[in-house]
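The following questions and answers are meant for a first-year student. Each answer sets a computed value against its definition.

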Protein chains: 2
Amino acid sequence: MTDLKATYEDVPEKFKYMAGRWLTSQIVCDEVPPRAHPLGPNNKVIFSPGIVTGSSAPTSGRISVGGKSPLTGTIKETNAGTGWGQSVAHLGIKAIIVEGQPKGKKFWLLHVTKDGTKFLPADEYTNMGLYEVYPKLFEKFGKKADICGIGVAGEFLMPNAGICFNDIDGRPSRFSGRGGMGAVLGSKGLKFIIVDDSGMPPSIPIANKELFDQGRKKLTDALMTHDITKPTGALNSYGTAVLINIMNEAGGLPTRNFREGRFEGAAKISGEAIFAGNKERLGKDLYNHNCSPGCIIKCSNVWHKPDGTEHVSCQEYESVWAFGANCDIDSLDATGELIRLCNDYGLDTIEAGGTMAVAMEGGLLPFGDSKKAIELMHEIGKGTPLGRLLGSGAVITGRALGVARVPAVKGQNMPAYEPRVVKGIGVTYATSTMGADHTAGYTIAPEILGVSGKVDPFIAMKAELSRNFQSSTGFIDTSGHCLFIAFAILDIASGFEGLVEECNGVLGVNWSADDWVNIGKGVIKMERQFNEAAGFTKAHDRVPEFMLYEKLPPHNTVFDVSEAELDKVYDF
Amino acid sequence: MTDLKATYEDVPEKFKYMAGRWLTSQIVCDEVPPRAHPLGPNNKVIFSPGIVTGSSAPTSGRISVGGKSPLTGTIKETNAGTGWGQSVAHLGIKAIIVEGQPKGKKFWLLHVTKDGTKFLPADEYTNMGLYEVYPKLFEKFGKKADICGIGVAGEFLMPNAGICFNDIDGRPSRFSGRGGMGAVLGSKGLKFIIVDDSGMPPSIPIANKELFDQGRKKLTDALMTHDITKPTGALNSYGTAVLINIMNEAGGLPTRNFREGRFEGAAKISGEAIFAGNKERLGKDLYNHNCSPGCIIKCSNVWHKPDGTEHVSCQEYESVWAFGANCDIDSLDATGELIRLCNDYGLDTIEAGGTMAVAMEGGLLPFGDSKKAIELMHEIGKGTPLGRLLGSGAVITGRALGVARVPAVKGQNMPAYEPRVVKGIGVTYATSTMGADHTAGYTIAPEILGVSGKVDPFIAMKAELSRNFQSSTGFIDTSGHCLFIAFAILDIASGFEGLVEECNGVLGVNWSADDWVNIGKGVIKMERQFNEAAGFTKAHDRVPEFMLYEKLPPHNTVFDVSEAELDKVYDF
């Protein structure tokens with residue numbers, strides 16, 4: 001970006017088999033100094049589709065975004081489901097590396113087609129919501145285009161600015177949200193990367209088509225069979241918010257800034273309530289849609305207003321929880337509006353909701369006051385000093401407001417699962433290379449959902465469980481599949497075989513499942529080395545102090561995983 | 001504070017010889033969990049007068065305040081010059097340990113006299129400036145009382161809240177400012193500790209009176225002789241702000257948020273200008289006064305308004321610099337008002353000025369706009385959301401405003417000496433256990449002032465120099481003397497002997513100068529162990545990245561001290 005130049009480079013031999021998180025983290029480790037300021041000239045943003053992304057592999061439209069995070073100060077990989085990554089893959093691009101920094105304060109967009117790249121001024125698209133901008137961009141660049149970009153939060157360089165991608169219907173709604181990578185893109189003056197794969201083949205090259213097809217069928221069968229992932233199954237009917245009632249029942253739904261584990265208004269903001277509410281307002285059953293082409297699970301919902309018009313997509317579990325139970329708000333219309341504003345301004349919903357709850361704890365607004373919460377979201381959108389503070393995330397807001405109860409690890413707010421009840425996810429939060437992140441090692445599967453066997457959530461010996469999930473996730477995030485295939489492949493052995501065969505088929509290798517999981521393990525180990533060089537130690541692999549002494553109702557438990565157990569996770 | 005109870009305890013044998021920083025840091029290391037939240041129930045605030053504080057030793061009215069810092073997350077020792085510590089010592093109290101946390105949001109004051117302790121409600125003194133409160137307190141508790149307390153910044157739990165003490169004339173102007181210890185006191189609901197030593201002997205017990213008197217005379221002679229410390233010498237005439245012209249000449253006066261090393265308005269805010277301005281407004285020479293009883297150096301000035309009435313005390317070098325050169329403000333009336341507001345609201349001036357400069361860098365106000373800067377200080381005083389942000393210090397403000405150029409180490413803004421020009425002070429900033437802190441190892445003495453020999457400031461091999469200064473400072477901060485005795489004792493050998501003999505005399509020991517410096521070294525080593533357990537590594541012993549690549553005019557130098565050299569400081 002220093003001199004507004006885009007160049008193509010051949011893929012170095014070293015990177016031949018790498019893609020997705022494996023590649024983004026490798027490039028960050030190779031090229032970004034661990035002590036670089038996240039918003040300075042030496043940080044980079046790396047985009048890379050997964051190994052099978054752009055093929056016909058089911059549910060594989062993921063794009064990994066890597067760099068050093070301005071929210072956490074750690075390495076960051078945050079992936080999203082969108083056709084954008086598939087288009088990048090179709091264009092034969094293994095990764096886009098954004099580096100350098102322009103002198104002035106102008107914003108630019110990069111247009112990428114089969115004919116090459118072009119920088120265009122983007123200032124006309126700044127200082128407005130993404131719901132207004134995206135249609136303008138589709139109008140200018142065509143309906144076949146896919147859009148990646150930042151909202152005003154990224155322009156303001158806010159630590160909670162995400163990177164936004166379009167869903168299949170062109171909505172600005174799919175995010176590489178966590179960790180503030182939108183601010184890094186903003187610091188480089190890059191507002192949008194618009195990709196159009198017109199004229200390219202509909203699939204990436206496949207080295208061993210027979211093996212790939214065999215794997216694809218196995219994985220597809222598993223996804224079509226499993227209760228959670230099958231059509232009209234839990235995710236397709238109720239979306240991820242199906243978890244609201246389940247987590248509430250378990251007493252592990254963080255409520256009012258992690259003061260309680262059960263929310264009396266849970267049923268009103270559950271996935272079932274979304275389904276029922278849409279049915280009432282539309283007069284028919286509405287099943288969910290896929291966020292990217294080729295997804296079988298189709299978990300992305302659309303929430304409608306009382307008059308039946310569209311309000312927002314998507315009322316995701318973690319988003320609804322963040323603004324709902326965690327803020328003492330029991331209205332889907334309110335959570336829907338707050339989520340819509342996150343999309344519009346380009347913010348991560350988990351961090352934004354967590355920040356709001358901390359602001360409530362700090363007395364900036366009362367718990368449950370959705371009207372004031374919406375007003376405060378607009379402050380963020382306007383970039384007022386108050387908005388700048390709230391756009392900085394929960395930890396910074398907590399420090400400014402003198403709040404000692406900030407449920408965060410390594411600068412990132414905890415998602416929608418209470419670690420004092422579900423100990424394994426607490427181990428993941430504490431030890432993940434990403435800060436508190438449920439997707440880094442989703443032990444909720446066995447601890448709550450009984451996927452791949454049932455594990456007691458209250459048992460504190462969870463280092464091995466979390467390590468296994470973190471390693472496998474390193475593989476899945478490299479493959480380009482959505483993490484949700486995990487439900488099916490953990491329970492159905494042939495599904496896991498299929499995943500391995502797909503990847504081997506694309507690359508023309510014959511690696512075992514163990515090889516691939518070891519690659520995943522290698523990814524998190526490499527990420528951890530980056531973090532160590534950036535100044536992180538075992539002392540950062542801890543949940544916040546208050547969770548060690550404050551008993552969480554209704555189970556009245558504390559986080560009792562020993563430090564020795566936590567330190568075992570990366571002892572390999 | 002949990003149940004509002006003050007108890008006296010005998011001094012454990014272990015602590016027999018300890019005092020000042022040695023004792024506060026020891027108690028923090030023994031009793032505060034390194035990962036405790038600074039504002040949570042497990043942090044403590046420890047006050048301890050130095051070994052000779054409360055005796056007739058010259059310039060020894062220092063009080064050490066220790067705890068875990070909400071600004072830096074490190075251990076913190078921040079000492080102030082005030083009669084308060086002497087009164088505590090006269091009462092036979094070796095340390096006051098404030099611990100626990102009350103349930104409600106009420107504020108209390110603790111009254112300590114020879115007859116015991118008493119808690120009284122203090123809510124009537126909240127939400128108003130300290131210039132209004134202190135006279136009320138003197139009226140109620142008598143002119144013989146000494147006051148320690150927090151302003152509204154501490155009530156709001158702001159990370160930049162200092163702890164304020166009265167000077168000899170009762171002004172709320174002497175601060176344990178750095179590191180936000182005022183917020184820790186605020187988090188414990190303790191607004192004031194009022195101490196009255198009436199009825200007690202005028203000196204602490206001296207074990208070996210003869211040795212003490214001998215030492216006292218040697219040190220006094222040195223202070224009375226040295227050009228910097230003698231009556232009508234540099235400090236007594238011009239105050240610490242005598243450094244403005246000197247640092248500017250050296251090209252190491254950080255200007256406009258550390259963008260340049262020379263300020264065109266330096267002469268207007270210099271110590272000489274303070275002297276001349278007062279002379280013009282008062283019609284006579286005004287020499288400075290002592291901040292605490294028994295100080296020979298007397299460097300504390302009073303700035304006057306055009307009509308000859310008092311404006312503020314004290315226009316300290318670092319304070320004038322912070323709001324002056326660093327904010328592009330060249331008016332002593334403006335810096336005076338900004339400093340007065342810091343005193344009134346209970347803020348550290350260095351961090352407040354550094355924050356203002358970062359806010360200017362971030363576009364919140366233009367560089368040089370003193371009117372707007374004053375308005376923003378009032379936002380802090382009112383505790384508005386914007387004020388909360390600015391009260392959080394430079395690093396947090398920088399993160400909210402997306403500023404990559406924040407001149408801080410371990411969360412604390414750098415003081416008034418540019419590390420790209422004066423490399424030794426840069427080594428101290430980088431490696432000190434306190435975050436960027438000039439007082440932790442004041443290598444300016446040899447590098448700029450030619451005290452204890454002249455060392456070239458541009459030479460990068462400064463690990464040993466900084467280590468020696470940091471160790472000696474550990475001793476001086478333990479003795480209870482003001483750091484400014486260093487000028488005299490470094491140049492005049494008998495002065496150093498005197499310091500050692502004073503301490504030995506009070507304690508009844510016969511330790512060598514080496515023994516004492518080793519004690520100082522042991523203090524910083526112990527502090528460093530605390531920091532390591534709190535999660536700090538060598539990666540935190542670094543100056544901000546921009547100083548490695550941004551050349552500072554007029555010398556156009558970067559900070560070129562190698563990481564290996566920095567790591568040598570604590571390699572002992």
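Helices (H or I, at least four residues) and strands (E, at least two) are DSSP runs, numbered from the N terminus. This is a predicted model, in which local features need pLDDT of at least 70, side-chain atom pairs count only at pLDDT 80 or more, and totals for chains, interfaces and linings use all residues. Residues are numbered from 1 along each chain as its sequence is written, chains are lettered from A and ligands numbered from 1 in the order in which they are written, and side-chain values use heavy atoms, with hydrogens and water left out.

Q: Where is Lys298(B) placed in chain B?
A: Lys298(B) belongs to the loop between helix 9 (271-282) and strand 11 (303-304) of chain B.

Q: Why is Lys298(B) called partly exposed?
A: Buried means under 20% relative accessible area, exposed over 50%, and partly exposed in between (1.4 Å probe, protein chains only). Lys298(B) has a relative accessible area of 35%, and is therefore partly exposed.

Q: What makes the phi of Lys298(B) worth stating?
A: Most residues other than glycine have a negative phi, and most peptide bonds are trans. Lys298(B) is a residue other than glycine, yet its phi is positive, near 50 degrees. Ser452(B), also not a glycine, has a positive phi of about 60 degrees. Ser452(B) lies in the loop between helix 17 (444-447) and helix 18 (463-479) of chain B; its relative accessible area is 32%, so it counts as partly exposed.

Q: Which peptide bond of chain A is cis, with omega near 20 degrees?
A: It is the bond from Ser313(A) to Cys314(A). Cys314(A) sits in the loop between strand 12 (310-312) and helix 10 (317-323) of chain A. In chain B, a cis peptide bond joins Ser313(B) and Cys314(B), with omega about 20 degrees.

Q: Why is Thr53(B) called buried?
A: The relative accessibility of Thr53(B) is 1%, so this residue counts as buried. Thr53(B) is in the loop between strand 1 (45-49) and strand 2 (62-68) of chain B. Contact means heavy atoms within 4.5 Å. Not counting residues up to four places away in sequence, Thr53(B) touches residues including Ser60(B), Gln86(B), Ile204(B) and Ser479(B).

Q: What does the side chain of Thr53(B) reach at 3.0 Å?
A: A polar contact is a pair of N or O atoms within 3.5 Å; within protein, one must be able to donate a hydrogen and the other to accept it, and residues adjacent in sequence count only if both atoms are side-chain atoms. The side chain of Thr53(B) reaches the backbone nitrogen of Gly50(B) at 3.0 Å. A polar atom of that side chain also lies 3.0 Å from the backbone oxygen of Ser60(B).

Q: How do you know that chain A and chain B are related by a two-fold axis?
A: Copies are superposed by least squares on the C-alpha atoms of residues with pLDDT of at least 70 in both. A rotation of 180 degrees with 0.0 Å of shift along its axis superposes chain A on chain B (RMSD 0.0 Å). This is therefore the relation of a two-fold axis. Leu386(A) comes closest of the residues of chain A to the rotation axis, at 2.9 Å (C-alpha).

Q: Why do the copies meet through the same surface?
A: Of the interface residues of chain A, 100% are also interface residues in chain B, so the copies meet through the same surface. In total, 35 residues of chain A are in contact with 36 residues of chain B.
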